[in-house]
Amino acid sequence: MRSPRPRLIAGLLLAPLLSGCFSSSGDDSSSDSSGSGGRLSVALAFPPAENYSPYGQDAFALSRLGVAEGLTRLDANGTAVPALAESWSSEQGGRSWLFTLRDAKFQDGTDVTANAVAAALTHASEADPAPAAISDVKLTAQAVGDDRVKVATATADPVLPLRLTNPSLAVFSPKAYGKDGKANPVGTATGPFELTKITGDTSATLDRFDDYWGGRAQASGIDARFVSDGTARANAMRTGDVDIAESIPVAQVASLNKATVHKVNTARNTSLYLNTQKGVFKDAGLRAAAREAIDTSAVAKGVFEGYAEPAQGLYGPALTWASGKRTEPTGRAEAASPKGKSITIATYNDRPELPETAQVLQQQLQKAGFTVKLEVRAYARLESDLLAKKFDASVVSRNMMLDTGDPVTVLASDYTCDGSYNLSFLCDKDVDRLVTAAGTESDPGRRQDAAMKAEAAILGTDAVIPLVHLKVVTGIGTSVEGALLDPYERAFVGTGTRR
């Protein structure tokens with residue numbers, strides 16, 4: 001038996017970062033926990049690339065399908081709120097945090113204990129490569145009694161509760177972890193839906209987990225298909241083959257019943273990342289030439305047809321605090337003449353707008369004097385080469401708040417010398433200094449101010465050219481209620497999703 005637990009005052013929760021609140025396709029009330037609904041059929045855009053490893057991008061599929069969860073989760077305002085932990089407090093000036101666990105069970109029937117949670121977080125911290133949310137911190141976890149876990153970092157981390165919302169830090173039962181350090185999520189997580197069958201990278205079967213701490217889900221299960229072709233997802237939605245389809249291409253929206261089309265502003269950008277360490281764009285003057293050649297409004301109107309806005313920076317209009325804090329980039333180089341220099345731009349077709357965007361950029365850059373080739377693949381076949389500096393530039397869609405919900409940690413992962421997802425391979429002392437300084441701020445307003453100073457320095461290098469801020473379109477059948485429209489793109493179905 002667990003001992004009675006004292007209530008702890010929740011530690012630092014950052015001020016709201018996103019406007020509005022989580023929206024759903026209908027009544028998402030979970031007060032009716034009878035679980036009488038039928039199975040849901042859903043189409044997801046990105047096939048698992050790492051055999052459902054929780055330590056990479058596959059973790060977001062596990063989160064979106066309601067399979068896995070961590071100690072905390074993000075609410076629509078960008079605040080860390082309770083999940084497996086019911087409360088927490090900071091200690092040692094923010095170097096450690098004490099999390100009190102709620103009564104919960106793993107899907108294999110065992111109890112969620114402090115030892116199990118500490119072991120799960122330790123496995124995540126030892127993963128190679130480390131999950132993006134903790135790539136720049138040294139995280140340790142230890143059990144304190146049966147129902148509390150102390151999570152510590154080498155230096156004070158004011159946003160640790162936000163980091164722990166990342167799906168890659170989900171908690172699995174001890175049975176999930178093999179001797180090779182890998183984690184098997186089948187039947188070992190804690191969410192409302194249990195992963196019961198995997199068919200390669202094409203489909204997965206999930207059944208309702210009746211002992212979920214948050215109440216029984218109203219759908220009896222989920223049949224998930226991974227359909228990278230956007231037109232195929234739209235067709236499946238139009239013909240009723242699926243109940244919910246994510247990321248409907250804007251070119252397909254007009255073909256759908258208007259009642260099934262749902263859009264939401266997100267913190268997602270499409271940007272052109274320029275390789276600053278190898279090839280043509282090692283020259284800052286040629287990066288400046290690329291920036292001056294690009295007309296972002298043509299991308300927003302011609303490719304996204306009103307479902308995007310020309311980019312103002314790294315933080316878009318969904319982050320309402322950003323516009324009033326933005327400062328002009330400084331230190332930009334003067335544009336040099338391309339003189340026919342050849343570049344290769346890579347992108348992926350899992351998001352159909354990206355190849356179209358690359359084609360528009362190809363035309364604009366060629367007009368400016370570059371010779372441009374395009375390389376288009378599925379993301380799963382492209383990522384390793386992107387990170388290996390194989391291309392001069394890449395067109396990539398990135399949710400700036402996806403990893404932690406914090407405006408600073410994404411800068412550390414994407415634009416610093418040691419960043420784990422630095423597609424521009426930027427290594428600039430001023431940028432690193434400003435990002436490091438921003439990371440020490442615990443006051444939300446000052447942290448945002450510091451993030452915007454770092455943004456100006458990053459944009460001043462022309463390592464990245466933000467193109468558009470996106471709205472995401474989800475197809476939801478008219479008989480479906482409670483599907484989640486999440487600006488952070490971590491939630492998709494919940495206990496109240498049903499038909």
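In the predicted model, aspartate 462 has a relative accessibility of 1% and therefore counts as buried, the limit for that class being under 20%. The residue lies in the loop that connects helix H11 (444-460) with strand E18 (464-476). Its phi is near 60 degrees, a positive value in a residue other than glycine. Lysine 339 also departs from the usual sign, with a positive phi near 50 degrees in a residue other than glycine. Lysine 339 belongs to the loop between strand E14 (308-310) and E15. With a relative accessible area of 70%, lysine 339 is exposed, because the class begins over 50%. Aspartate 462 is thus a buried loop residue, whereas lysine 339 is an exposed one.

A further backbone feature occurs at proline 129. The peptide bond leading from aspartate 128 to proline 129 is cis, and its omega is near 0 degrees. Proline 129 sits in the loop between helix H2 (114-125) and strand E7 (139-144). As a general rule, most residues other than glycine have a negative phi, and most peptide bonds are trans.

At the level of the whole chain, the secondary structure consists of eleven helices and 19 strands. The chain has a radius of gyration of 22 Å, close to the 23 Å given by the globule rule for 499 residues, and it is therefore as compact as a globular protein of that length. The C-alpha trace spans about 75 × 55 × 45 Å along its principal axes. Buried residues make up 58% of the 499 in the chain. Of the contacts with a separation of 6 or more, 73% are between residues 24 or more positions apart. The accessible surface is about 19400 Å², and carbon and sulfur atoms contribute 47% of it. The side chains include 52 positive and 58 negative ones, and the centres of these two sets are 2 Å apart.

Strand E17 (residues 393-399) is largely enclosed by the rest of the structure, because seven of its seven residues are buried. Burial applies to both faces of E17: Ala393, Val395, Ser397 and Asn399 lie on one side, and Ser394, Val396 and Arg398 on the other. Strand E13 (residues 261-274) runs antiparallel to E17 and is joined to it by seven bridges. Strand E15 (residues 342-348) pairs with E17 in the parallel sense, over two bridges.

Alanine 393, which is located in strand E17, has a partner in each of these two pairings. Leucine 274 stands opposite alanine 393, and isoleucine 345 likewise stands opposite alanine 393. The relative accessibility of alanine 393 is 3%, so the residue counts as buried under the 20% limit. Apart from neighbours within four places in sequence, alanine 393 is in contact with Leu272, Tyr273, Leu274, Phe281, Thr344, Ile345 and Ala346. Threonine 320, by contrast, is 73 residues from alanine 393 in sequence and 30 Å from it in space, taken from C-alpha to C-alpha.

Strand E11 (residues 221-226) also takes part in one parallel and one antiparallel pairing. The parallel pairing is with strand E2 (residues 40-44) and comprises five bridges. The antiparallel pairing is with strand E10 (residues 203-208), again over five bridges. Alanine 224 of E11 has a residue opposite it in both cases: valine 42 and alanine 204.

Glutamate 246 is placed in the loop between strand E12 (244-245) and E13. Its relative accessibility of 8% is under the 20% limit, and glutamate 246 therefore counts as buried. Once neighbours within four places in sequence are set aside, the residues in contact with glutamate 246 are Ala43, Leu44, Ala45, Phe46, Arg64, Arg233, Val473, Thr474 and Phe492. Among them are the positive residues Arg64 and Arg233. Ala43 and Leu44, also in contact with glutamate 246, fall within strand E2 (residues 40-44). Val473 and Thr474, two other residues in contact with glutamate 246, fall within strand E18 (464-476), which follows the loop that holds aspartate 462.

How values were computed
Residues numbered from 1 in each chain as written. Predicted model: local features only at pLDDT ≥ 70, side-chain atom pairs only at ≥ 80, totals over all residues. Heavy atoms only, no water. Helix = DSSP H or I, 4+ residues; strand = E, 2+ residues; numbered from the N terminus. Rg over C-alpha atoms; globule rule 2.2 N^0.38 Å. Buried < 20%, exposed > 50% of the residue type's maximum accessible area, 1.4 Å probe, protein only. Contact = heavy atoms within 4.5 Å. Areas by Shrake-Rupley, 256 points an atom, 1.4 Å probe, with all protein chains shown as cover. Charge placed at Lys NZ, Arg CZ, Asp CG, Glu CD. Pairing = 2+ DSSP bridges.
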